[in-house]
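Visitor: I would like to understand why certain words are used when a structure is described. Could you take me through some of them with care?

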Amino acid sequence: MYKRECVQNTLGEVISDEKSDFWGAYMRESERFLVIDQMIAEKEVVTLKEFQNVLQVSPVTVKRDLRKMREVTDTPIVYSKGRGGYVYDVSRMKFAQQTAKPRFSVKRLGFSEDELHALVGSMCAYKRLAQDPESAVNDRFATLLARMRTLFGFTDERENELLSRIKIFEPTVPTKPTSFFPVICSALCEHRRLQTAYEPVAGECEILEVSPLRLVCKEGLWYLDVYSYLDREYRTLALSGLTQAEVLPTEGIVIPSEELALKLDQLHTKPVTSEKKKAELLFDEVSTPVATLEVWHRKQKASVSNKRLTLTVPYGDDDEIVSRILKWGVHVEVKAPEELRRKICTTLEQILSLYR
């Protein structure tokens, strides 16, 4: 029983006994460190056998993990003969607190791009939540973050140092979030219908009865994927366009989670068009180092000559590729086809006319 609870508490999911062999093979070393830390923090004394049962690894692997935690992260784990298991060395922990040192002082700690993004993102997200006294998850998030900070040895000073040296620019978030967000979340979780008033950017206000199916955050903006009973089809509504939302007592439709992507992802992609046309783009020396990292199409072809990138990109949607090209400003020139060059010129003239 403890095995299943521990895995659930640490990683947010329950792993059944039938999956235990798979779980042991799947769990990475860093994840085992997190489980070991939580087991000792919760039970105070953990036997070697208990570690084996939870981690589903051999005694040799458990002992190697414990040794690495002591050597790499300076985790004060010791074996207590009197208590019959592994414990935290309280004397070392008290000394660390008295000398204002963290419980774990990470000596050698390297992060991948995804790991660093998740770590810094979590810290920044909590700081935003902490400003909202009515947040429903503030306390739980604070507990989780405290555990993470303890594992990596972050004092307030070290955390501020990290955040000052790593800057992650997220997509722009609307400064005025919709007041209906809690209502929508409630209806979504309880599978209830919503009565909404929706006013798109271009179009008249619609009164819609919908079944909310999925919330989507795309480029910093929130959308609600729904089944519309008026249109008898799936739609996506921008939350910024909602002027009214009320939960109805009527039960909504329920789509199995494994079918959601199949039915709803198409709402967020443009219709597939033929890609018979090819754009030849020439980037200048300034933009080439960055442009070489960008993927425009899976079948694109790139070459660099005289420090300038030539990129050949298949495309079907004129408006889409024009939009991407204009983002590079004066740093890219369309060499071909001629019709795309004319499209760029026409678009720039329209933009220029706004400032004359």
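Guide: Let us begin with exposure, where a residue counts as exposed when its relative accessible area is over 50%, as buried when that area is under 20%, and as partly exposed in between. Please keep in mind that this is a predicted model.

Visitor: Why is Asn-306 called exposed?

Guide: The relative accessible area of Asn-306 is 66%, and since exposed means over 50%, Asn-306 is therefore counted as exposed. Asn-306 belongs to the loop between strand 9 (301–305) and strand 10 (308–315), and its phi is near 55°, a positive value in a residue other than glycine.

Visitor: What makes His-191 partly exposed?

Guide: His-191 has a relative accessibility of 37%, and because the class between 20% and 50% is called partly exposed, that is the word for His-191. His-191, which is not a glycine, also has a positive phi, of about 55°, and is placed in the loop between helix 10 (181–190) and strand 3 (192–198).

Visitor: How many aromatic pairs are there, and why is the pair of Tyr-79 and Tyr-86 called edge-to-face?

Guide: The count comes to 7 aromatic pairs. For Tyr-79 and Tyr-86 the ring centres are 5.1 Å apart and the planes stand at 70°; since a pair needs centres within 6.5 Å and edge-to-face needs planes over 60 degrees apart, the pair is edge-to-face. Ring pairs also link Phe-51, Tyr-79 and Tyr-86 into a cluster.

Visitor: How do you know whether Tyr-79 and Tyr-86 are buried or partly exposed?

Guide: Tyr-86 has a relative accessible area of 10%, and because buried means under 20%, Tyr-86 is buried, whereas Tyr-79, at 49% relative accessibility, counts as partly exposed. Another edge-to-face pair is formed by Phe-283 and Trp-328, with 5.2 Å from centre to centre and 80° between the planes. That pair links distant parts of the chain, 45 residues apart, with Phe-283 in strand 8 (residues 277–283) and Trp-328 in the loop between helix 13 (318–326) and strand 11 (332–336).

Visitor: Why are helix 3 and helix 5 called roughly perpendicular?

Guide: The axes of helix 3 (residues 29–43) and helix 5 (residues 59–72) come within 10 Å and cross at roughly 85°; because angles of 65 to 115 degrees count as roughly perpendicular, the two helices are described in that way. The residues of their contact divide into 4 nonpolar, 1 polar and 6 charged.

Notes
Residues numbered from 1 in each chain as written. Predicted model: local features only at pLDDT ≥ 70, side-chain atom pairs only at ≥ 80, totals over all residues. Heavy atoms only, no water. Phe/Tyr/Trp six-rings, centres within 6.5 Å; stacked < 30°, edge-to-face > 60°. Buried < 20%, exposed > 50% of the residue type's maximum accessible area, 1.4 Å probe, protein only. Helix = DSSP H or I, 4+ residues; strand = E, 2+ residues; numbered from the N terminus. Axes fitted to C-alpha atoms, helices over the stretch in contact; angles between N-to-C directions. Parallel < 35°, antiparallel > 145°, perpendicular 65-115°, else oblique. Nonpolar A, V, L, I, M, F, W, Y, C, P; charged D, E, K, R; others polar.
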